[in-house]
Amino acid sequence: MTPLVPVTVRRVGESEVQTVDARGLHEALEVGTRFNDWIARHIGQFAEGWDFYSVLSESSGGRPSVEYA
């Protein structure tokens with residue numbers, strides 16, 4: 001059985017935690033709005049470093065984007 005959103009184990013500090021990619025979650029939920037609008041509307045309900053982590057992605061010539069796990 002393939003999960004709707006792949007779960008990835010990532011090292012956060014001293015711990016390994018299970019995470020999902022927010023863009024993958026957005027796609028799996030079939031949200032009708034653009035990702036950046038959707039995440040901006042919902043991210044304020046959560047605490048960074050506790051509920052989610054964000055990183056600036058590396059750019060390949062374009063503008064870097066923020067990735068959320």
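**Figure 1. The largest pocket of the predicted model has a volume of about 360 Å³.** The structure shown is a predicted model. The pocket is lined by 19 residues, and those closest to its centre are Val20, Asp51, Phe52, Tyr53 and Ala69. Three elements each give two or more residues to the lining: strand E2 (15-19), helix H1 (22-28) and helix H2. A probe the size of a water molecule, rolled over the atoms, shows where empty space is left.

**Figure 2. Phe35 and Tyr68 form a tilted aromatic pair.** Searching the whole structure gives three aromatic pairs. In the pair of Phe35 and Tyr68, the rings are 6.3 Å apart, centre to centre, with 50 degrees between the planes. Phe35 belongs to helix H2 (residues 35-42) and Tyr68 to strand E4 (residues 66-68), so the pair ties together parts that are 33 residues apart in sequence. Phe35 and Tyr68 are both buried.

**Figure 3. Phe52 and Tyr68 form a tilted pair.** The ring centres of Phe52 and Tyr68 are 6.1 Å apart, and the planes are at 55 degrees; the pair is therefore tilted, as the angle is neither under 30 nor over 60 degrees. This pair links distant parts of the chain, 16 residues apart: Phe52 sits in the loop between H2 and strand E3 (54-56), and Tyr68 sits in strand E4. Are these two residues buried or exposed? Phe52 has a relative accessible area of 10%, so Phe52 is buried. Tyr68, with a relative accessible area of 18%, is also buried, because the limit for buried is under 20%.

**Figure 4. Four residues make up one aromatic cluster.** The members of the cluster are Phe35, Trp38, Phe52 and Tyr68. Among them, Phe52 is also one of the residues closest to the centre of the largest pocket.

**Figure 5. A nonpolar patch lies on the surface.** Which residues make this patch of about 300 Å²? They are Val7, Val20, Leu25 and Leu29. Val7 is placed in the segment before strand E1 (8-12). Val20 also appears among the residues closest to the centre of the largest pocket.

**Figure 6. Gln45 lies in the loop between H2 and E3.** With a relative accessible area of 56%, Gln45 is exposed, because exposed means over 50%. How far apart are Gln45 and Leu25 in space, C-alpha to C-alpha? The distance is 16 Å, and the two residues are 20 residues apart in sequence. Leu25 is one of the residues of the nonpolar surface patch.

How values were computed. Residues numbered from 1 in each chain as written. Predicted model: local features only at pLDDT ≥ 70, side-chain atom pairs only at ≥ 80, totals over all residues. Heavy atoms only, no water. Patch = residues over 30% accessible without salt bridge, like charges linked within 9 Å, V, L, I, M, F, W, Y side chains within 5 Å. Areas by Shrake-Rupley, 256 points an atom, 1.4 Å probe, with all protein chains shown as cover. Salt bridge = Lys/Arg side-chain N within 4 Å of Asp/Glu carboxyl O. Helix = DSSP H or I, 4+ residues; strand = E, 2+ residues; numbered from the N terminus. Phe/Tyr/Trp six-rings, centres within 6.5 Å; stacked < 30°, edge-to-face > 60°. Buried < 20%, exposed > 50% of the residue type's maximum accessible area, 1.4 Å probe, protein only. 1 Å grid on protein atoms, 1.4 Å probe; cavity = no way out; pocket = protein on both sides within 12 Å on 5 of 7 lines; lining within 4 Å. Points joined across faces, edges and corners; volume = space filled by probe spheres on them.
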